[in-house]
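User: I would like to learn how to read a protein model with some care, starting from its overall architecture and ending at a single residue. Could you take me through it?

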Amino acid sequence: MNRRTTTLIAALALTSGLVLTGCSTDSSAGAAGADGKPELKVSGAFMPQPVMDMAGGFLTIKNDSGAADKLTSVTSPISDDVQIHETKNQKMQQVKSFDIPANGELKLERGGSHIMFMALKTKPKQGEKVSIELHFEKSDPITVDLPVEAATHNPKQH
């Protein structure tokens with residue numbers, strides 16, 4: 001094994017038992033994609049504090065493998081109707097899935113593609129966390145805790 005693979009295996013072993021937090025990363029695939037599934041990592045997750053009975057969710061899914069995947073749905077205890085949306089020509093529309101390219105990433109961000117929580121059961125406040133589960137075409141689901149930020153929060157791009 002090369003050094004990168006050994007480091008990845010060690011990192012996966014350390015993080016496999018941890019629940020994701022907003023800025024943590026984890027992988028749903030086995031060591032270096034040995035099981036044939038894409039290696040997906042989530043970062044930069046957050047939800048602006050909702051001001052109505054709907055809310056948006058934002059995050060980046062990075063794919064460090066040679067196999068593409070798709071985000072097919074999102075579930076959360078906070079809403080029975082969680083949708084994935086894209087923004088085209090300044091109009092928001094629901095989509096069935098988002099492509100996650102091989103050796104690429106899917107960015108869900110303000111003004112673009114995002115997660116939409118409809119008919120919230122409760123309105124989370126800044127400082128709380130909202131649990132979601134991301135579902136994929138090929139990869140195992142990934143659980144993410146979205147930190148609730150100020151309604152106007154918009155992280156700087158790296």
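Analyst: In this predicted model, the secondary structure comes to one helix and ten strands, and, reading from the N terminus, the helix precedes the strands in the order α-β-β-β-β-β-β-β-β-β-β.

User: How much of the model scores a pLDDT of at least 70, and where does pLDDT stay under 50?

Analyst: Where pLDDT is low, the predicted coordinates should not be read in detail. Here the average pLDDT is 82, with 77% of the residues scoring at least 70, whereas residues 1-32 stay under 50 throughout, although the model has 53 contacts for them beyond four places in sequence.

User: Which residues touch the most other members of the largest nonpolar core?

Analyst: That core holds 28 residues, and the ones touching the most other members are Leu59, Ile61, Leu71, Phe117, Ile132 and Leu134. Leu71, taken as a case, touches Ile61 and Leu134, and its further partners include Ile84, Phe98 and Leu108 as well as Lys96 and His135.

User: Is serine 76 buried or exposed?

Analyst: The cut-off for buried is under 20% relative accessible area, and serine 76 has 9% relative accessibility, so it counts as buried. Serine 76 sits in the loop between β3 (69-75) and β4 (81-88), and its side chain reaches the backbone oxygen of serine 131 at 2.8 Å. Beyond four places in sequence, serine 76 touches Val82, Phe117, Val130, Ser131 and Ile132; of these, Phe117 and Ile132 belong to the largest nonpolar core.

Methods
Residues numbered from 1 in each chain as written. Predicted model: local features only at pLDDT ≥ 70, side-chain atom pairs only at ≥ 80, totals over all residues. Heavy atoms only, no water. pLDDT = per-residue confidence, 0-100. Contact = heavy atoms within 4.5 Å. Helix = DSSP H or I, 4+ residues; strand = E, 2+ residues; numbered from the N terminus. Buried < 20%, exposed > 50% of the residue type's maximum accessible area, 1.4 Å probe, protein only. Polar contact = N/O pair within 3.5 Å; in protein donor to acceptor, adjacent residues only side chain to side chain. Core = buried A, V, L, I, M, F, W, Y, C linked by side-chain atoms within 4.5 Å.
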